[in-house]
Structure formats: structure tokens, C-alpha cells
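Here is a protein model to explore by question and answer. Look it over before you read on.

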Amino acid sequence: MQASAANVKKTTKTSRKRILVLHGPNLNLLGTREPEVYGRETLGVINRRLGAAGRSAGVEVRCYQSNLEGELIGRIQQASRDGVGFIVFNPAGYTHTSVALRDALAGVGIPFIEVHLSNIHAREPFRQRSFFSDLAVGTLCGLGSRGYDFALAYALRAIGAARE
Ligand code: DQA
């Protein structure tokens, strides 16, 4: 596990100028799903903002949401073939359950940031465990949708697309 973690944490600048933003299950319901916990912004609004930030830095930001573990795994494997240099990932409910998604990220070795809208450490005990945090470059939680913006800003710098 140590070797994989070191591999994923590698953040050297590469020629890989694409960023993948991956959203896990139920995040398609943002806007109406428990708004007191997750806010009132829709996923479409968030994704458009991230896409625009990428375009102004000359980077293609691809956003994808799925309710299915296998589809998320497929996207992570595809990212490796597509020249993705960084992943921003909110695994949602799979955060607390999915060895398979963890293995996919370790397998491709693409650096990633784990994002959660809510502060998972201030919620139920089962949410306070993540299968991803020790592999991630970093984690952002409790900042609402701004967490995605901060993660993307970091990712743009990490792939060498943003100024210091
Ligand atoms: C979440 C937190 C998870 O515990 C939950 O299952 C989600 C969303 C968040 O963004 O706060 O679906 O990842």
C-alpha cells in the first residue's frame, strides 16, 4: 500500500493538460438533495463554473457523474489513456465503502484531490472514514461547492497550467 500511495501522490508537472472532475452517487441531485447539508447549487452550475475556469487557463476540464461504481472505475481507467494529469473526485457515498474505486486510483497513479461538500468529520461516525484520503494529494471538505474550485485551482497549478 505504501508504494501505491507514493505513486498516486506524485505531483510533478507533466504534459498531461486535462483534468477530470468526478462526482459519485446522488450528486446529480444537488440543489434539491438535503440542501441544508449540500447547498442549493445544482451540479450543472458547479460543472459549468469549473469548465469555464479550465478554459481560461487553457485546460480541458471534463466533468462526469455516475451513480454506478463500475462506471466511475471505467472513467478512472479511461483517464489514464486520455492524458488526464489530475483528478478532482467526490466519491460521495463510495467514500466510505469502495475498495474497488481506491484500487482504480492507485492503479492509474494519477494524482487526485478528494472533495466533499459537507464536513464529513462532523457527521455520523460511518462518514468519518474514507478509503481515499491517504492516497489523495489532499482533501477538502466542509467548504460547500467552493471545495471544487479550490481543488481545481490546485490541480491547474500542479499540471503547470496556472501561474504561481
Ligand atoms: C459527500 C459526503 C458523503 O458522506 C455522502 O455520502 C455524499 C456526499 C459530500 O460531498 O459531502 O453523498 O461526499
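The questions below cover the sheet, the core and the ligand shell of this predicted model.

Q: In what order do the five strands form the open sheet?
A: The pairing in this sheet is parallel. From one strand to the next, the twist averages 20°. The order is β2-β1-β3-β4-β5.

Q: Why is one side of β2 and of β5 left without a neighbour in the sheet?
A: β2 covers 60-65. Both β2 and β5 have a single partner strand, so one side of each lacks a neighbour, because they stand at the edges.

Q: Which residue in β2 stands opposite L20?
A: β1 and β2 run parallel and are joined by six bridges. Across from L20, in β2, stands R62.

Q: Which element gives the largest share of the largest nonpolar core?
A: Nonpolar side chains tend to be buried together in soluble globular proteins. This core has 42 residues, and I19, F86 and I87 are among those with the most contacts inside it. Elements giving two or more residues include β1, β3 and α6. With six residues, the largest share comes from α6.

Q: At about what angle to β4 does α6 run?
A: α6 lies across β1, β2, β3, β4 and β5. Its angle to β4 is about 170°.

Q: How many charged residues does the shell around the ligand have?
A: The residues around the ligand include N26, H116, S118 and R127. By class, three are nonpolar and six are polar. The charged count is one.

How values were computed: Residues are numbered from 1 along each chain as its sequence is written. This is a predicted model: local features need pLDDT of at least 70, side-chain atom pairs count only at pLDDT 80 or more; totals for chains, interfaces and linings use all residues. A nonpolar core is a set of buried Ala, Val, Leu, Ile, Met, Phe, Trp, Tyr and Cys residues joined through C-beta atoms within 7 Å. A residue is buried if 20 or more other C-beta atoms lie within 10 Å of its own, exposed if 12 or fewer, and partly exposed in between; C-beta atoms are placed from the backbone. Helices (H or I, at least four residues) and strands (E, at least two) are DSSP runs, numbered from the N terminus. A residue is near a molecule or strand if its C-beta atom, placed from the backbone, lies within 6 Å of it. Ala, Val, Leu, Ile, Met, Phe, Trp, Tyr, Cys and Pro count as nonpolar, Asp, Glu, Lys and Arg as charged, and the others, Gly among them, as polar. Two strands pair if DSSP finds at least two bridges between them. Axes are lines fitted to C-alpha atoms, for helices over the stretch in contact, and angles run from 0 to 180 degrees between N-to-C directions. Two residues are in contact if their C-beta atoms, placed from the backbone, lie within 7 Å.
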